[in-house]
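Work through the following exercises with the model open. Each one sets a task and then solves it step by step.

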Protein chains: 2
Amino acid sequence: MNLESTLLLIDLYELTMLQGYFHEGMNETAVFEFFIRKLPKNRNFLLAAGLEQALSFLESARFQAEEIDWLACHGFRREFLDWLRDFRFQGDVHAMPEGTLCFPEEPILRVTAPLPQAQLFESRIINLIHFQTMIASKAARSVLVAPGKELVDFGLRRAHGAEAGLYAARAAFLAGFSATATVLAGRRFGIPLSGTMAHSFIQAHDSEEEAFLRFAEANPDRAVFLIDTYDTEKAVRKLAALTPRLEERGIRPLAVRLDSGDLGAHARRVRRILDDAGLTGVGIFASGNLSEERLQELVAAAAPIDGFGIGTSLDTSSDAPYLDCVYKLEEYAGKARRKRSEGKATWPGRKQVFRQYDPAGKIASDLVALDGEDHPGEPLLRPVMKGGERLFSPETLLAARERSARGLASLPEELRVLTPAAAPYPVRFSGRLEELRRSLDRVLG
Amino acid sequence: MNLESTLLLIDLYELTMLQGYFHEGMNETAVFEFFIRKLPKNRNFLLAAGLEQALSFLESARFQAEEIDWLACHGFRREFLDWLRDFRFQGDVHAMPEGTLCFPEEPILRVTAPLPQAQLFESRIINLIHFQTMIASKAARSVLVAPGKELVDFGLRRAHGAEAGLYAARAAFLAGFSATATVLAGRRFGIPLSGTMAHSFIQAHDSEEEAFLRFAEANPDRAVFLIDTYDTEKAVRKLAALTPRLEERGIRPLAVRLDSGDLGAHARRVRRILDDAGLTGVGIFASGNLSEERLQELVAAAAPIDGFGIGTSLDTSSDAPYLDCVYKLEEYAGKARRKRSEGKATWPGRKQVFRQYDPAGKIASDLVALDGEDHPGEPLLRPVMKGGERLFSPETLLAARERSARGLASLPEELRVLTPAAAPYPVRFSGRLEELRRSLDRVLG
């Protein structure tokens, strides 16, 4: 069973509801939209991501015969299960392309399909788009505060499982990171790989010199040395003394890595030792409990650090480990629908988002309107799937990464900060949408 | 490619280090230990979990031929890659069984194997044990504050990817949850499934009565009704009025679900309406942004709620979305090893943990000692794998769940609270271990 494509990775209620729709023959067209209800405290914008995985899932997800058999023993009816055998997604999808800036209450993805098809995929669509959108948005903060620095995803080990590790690497690269340490992300997505040695490599040798020399002999093109296992400054002096022997073997030391202590202070001392030894071309790379706030401090202090490895805080989005996002029914059988639960009411109808820019090319305001309304600005939702088939071949990850870069460049200054902006980005709603909401409230009483 | 068992889900440095070890012929026995450096702010204990998945991974992980070919194009040498073709884990593992209470600085798992084998699996072993230990420890907090309540995992949609959703269900059940909504977790692990309907099911119908009736007809054994889509109290009155028609069809309403607003106040009003209608047997189930703190408040206020669905806060461990855990080299080629990086120094040597209980059966203190030392108390690390083969058949999840229950029952009162305990649980170190650490510091200077 392939964990990424099994249709059993859903909530039970999707199946009980489908059994209800099947029982009633409810198969008319439904419109569901995925959106974020509100931003976490420390986010002034989000970057949409994960669409590619959601579309792949919609294309390929099928029930396997043995899954159907298993469901037969768990309270589902035979005629319903027979109908599930050939079940596949045949609907339409509109979505913001990956790397698009997005804001609360804006649909990021809209599914238009027969009700059971639009319903069944709810949990996994949320699961896929939520995670990468959260990680891309987190990664963008580091990208904004450390321009020109090499940023590397180091987070696999504390990511929440296999898929989180893999997709965090993708989302971070999409947002502007340079590379990842996760090998599978290199293979699957073509992301550049980065990595050197752990402390255990140093410890397993009887001396740091020996460890440095043997590592470089075995990996001559990846001669980056971890220098904090015992004493950072002593280690870099050892490396300087060793360099003639490395050069004899045709090996050029590329960089050193700091992983503990006061990274700024160590970097300054290490830079001086390297420069005094004539090793001006050897870079300094830092890691160890880094966050975008710490990056900002180090950059502001002009610490001589060329690149950063960011792990746990990135892959878990530790300051905001979830987004308040939902996938909600907005229309069924031609009628707009509205949920009015306390604190969780929704905007009804199928919607589009129009974005306006100021003369300097910065984003100025968004308008959420009903689909089919005509407004100035760039419409953000585009058709990407029709009748269950993709309208375009999959976009390259580099194209999405370039869209992120253009998006980040279009952010006004007040949204580029790590702390909450004084005023949120303006998202408005069209008069016709407001009127539809009021009219539904009158009907629902 | 199976995401759960591919050996490419590792950090690049595992491979560069292995190329180094291969180059040098470093193949002597290494001992690595996995442990938590310190507890997150709101945790007074942890529950070890994830061992079963780690052992399965060690048993089955192999490089695929096409993975080797891919590595050949990414800077690895042909003779090293030839050696990787037959690479598999043939070492020994000692571990705390799943569901064991554990504390900082205590090895939860110890790997003894030729250095390259013990090194290569680092990232994925951490990834697997970290996540389930974090989630089981989070779930245990709800179990402690809501005794006798039905607790259900609802978190798939905002879990960090597929594997997180699946394993969160497992870890929560292991810690004492009753059920999960994640269908695949039912199939994979035999966990009881729970689930009813979403708001979209109600919204897609022209009236709530219609939605309730049709759902129950299609799912007569799962007649649980979501009542907050428009107006909670009105909906429960509609259900009461509908009940005779349901009973005519042989359907007994089991429960209602609240999902928004002041859950305690709604539950009291709903309970009264149900009781007044003679529906005393219909339970009340609550969900919606729940955390263990909110559960504690609702239980303290004697809210008439029979069960809780807990989603995002559980599956993301939102108040502590990572543990500060590591997998460190403690011995190589018969010599104890110690990392001394600032703030990250380790205890050297292969270790055992002895736990002592007070006369009432509560845990009293732990002692971390060198393996082979003799101390009173229960030794917590047990041999589970030898020469790459499991020593026992996989433990059932129910057995691990019972161990968790015994562990939670053995917690002293001061550790059972949701806030930080006044004093941490005492973890001491043996005199011989202290002496080994000092002697290594003298050698390292």
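## Exercise 1: two residues with positive phi

A:Asn289 is placed in the loop between β10 (283-287) and α13 (292-300) of chain A, where helices (H or I, at least four residues) and strands (E, at least two) are DSSP runs numbered from the N terminus. The model is a predicted one, in which local features need pLDDT of at least 70, side-chain atom pairs count only at pLDDT 80 or more, and totals for chains, interfaces and linings use all residues. Residues are numbered from 1 along each chain as its sequence is written, chains are lettered from A and ligands numbered from 1 in the order in which they are written, and side-chain values use heavy atoms, with hydrogens and water left out.

Task: describe the backbone and the exposure of A:Asn289 and B:Ala333.

Solution.
1. Most residues other than glycine have a negative phi.
2. A:Asn289 is not a glycine, yet its phi is positive, about 55 degrees.
3. The relative accessible area of A:Asn289 is 64%, so this residue is exposed. The classes are buried under 20% relative accessible area, exposed over 50%, and partly exposed in between (1.4 Å probe, protein chains only).
4. B:Ala333 also has a positive phi, near 50 degrees. Its loop runs between β12 (324-332) and β13 (335-336) of chain B.
5. B:Ala333 has 32% relative accessibility and therefore counts as partly exposed.

## Exercise 2: a helix pair in chain B

Task: determine how α6 (residues 122-145) and α13 (residues 292-300) of chain B pack, and which residues meet.

Solution.
1. Two packed helices are described by the angle between their axes and the distance between the axes.
2. For α6(B) and α13(B) the angle is about 5 degrees and the axes are 9 Å apart. Axes are lines fitted to C-alpha atoms, for helices over the stretch in contact, and angles run from 0 to 180 degrees between N-to-C directions.
3. The pair is therefore roughly parallel, a term for angles under 35 degrees.
4. From α6(B), B:Lys138, B:Arg141, B:Ser142 and B:Val145 take part; from α13(B), they meet B:Glu292, B:Glu293, B:Leu295, B:Gln296 and B:Val299. Contact means heavy atoms within 4.5 Å.
5. By class, this contact has four charged, three nonpolar and two polar residues. Ala, Val, Leu, Ile, Met, Phe, Trp, Tyr, Cys and Pro count as nonpolar, Asp, Glu, Lys and Arg as charged, and the others, Gly among them, as polar.

## Exercise 3: burial in chain B

Task: is B:His266 buried or exposed, and how many residues of helix α2 of chain B are buried?

Solution.
1. B:His266 belongs to helix α12 (residues 263-276) of chain B.
2. B:His266 is buried, because its relative accessibility is 4%.
3. Apart from neighbours within four places in sequence, B:His266 contacts A:Glu342, B:Thr232, B:Glu233, B:Leu258, B:Ser260 and B:Gly261.
4. In helix α2 (residues 51-60) of chain B, seven of the ten residues are buried. Among them are B:Leu51, B:Gln53 and B:Phe57.

## Exercise 4: chain A as a whole

Task: summarise the contents and burial of chain A.

Solution.
1. Chain A contains 16 helices and 19 strands.
2. Its C-alpha atoms fill a box of roughly 80 × 55 × 35 Å along the principal axes.
3. Of the 445 residues in chain A, 63% are buried.

Technical notes:
Parallel < 35°, antiparallel > 145°, perpendicular 65-115°, else oblique.
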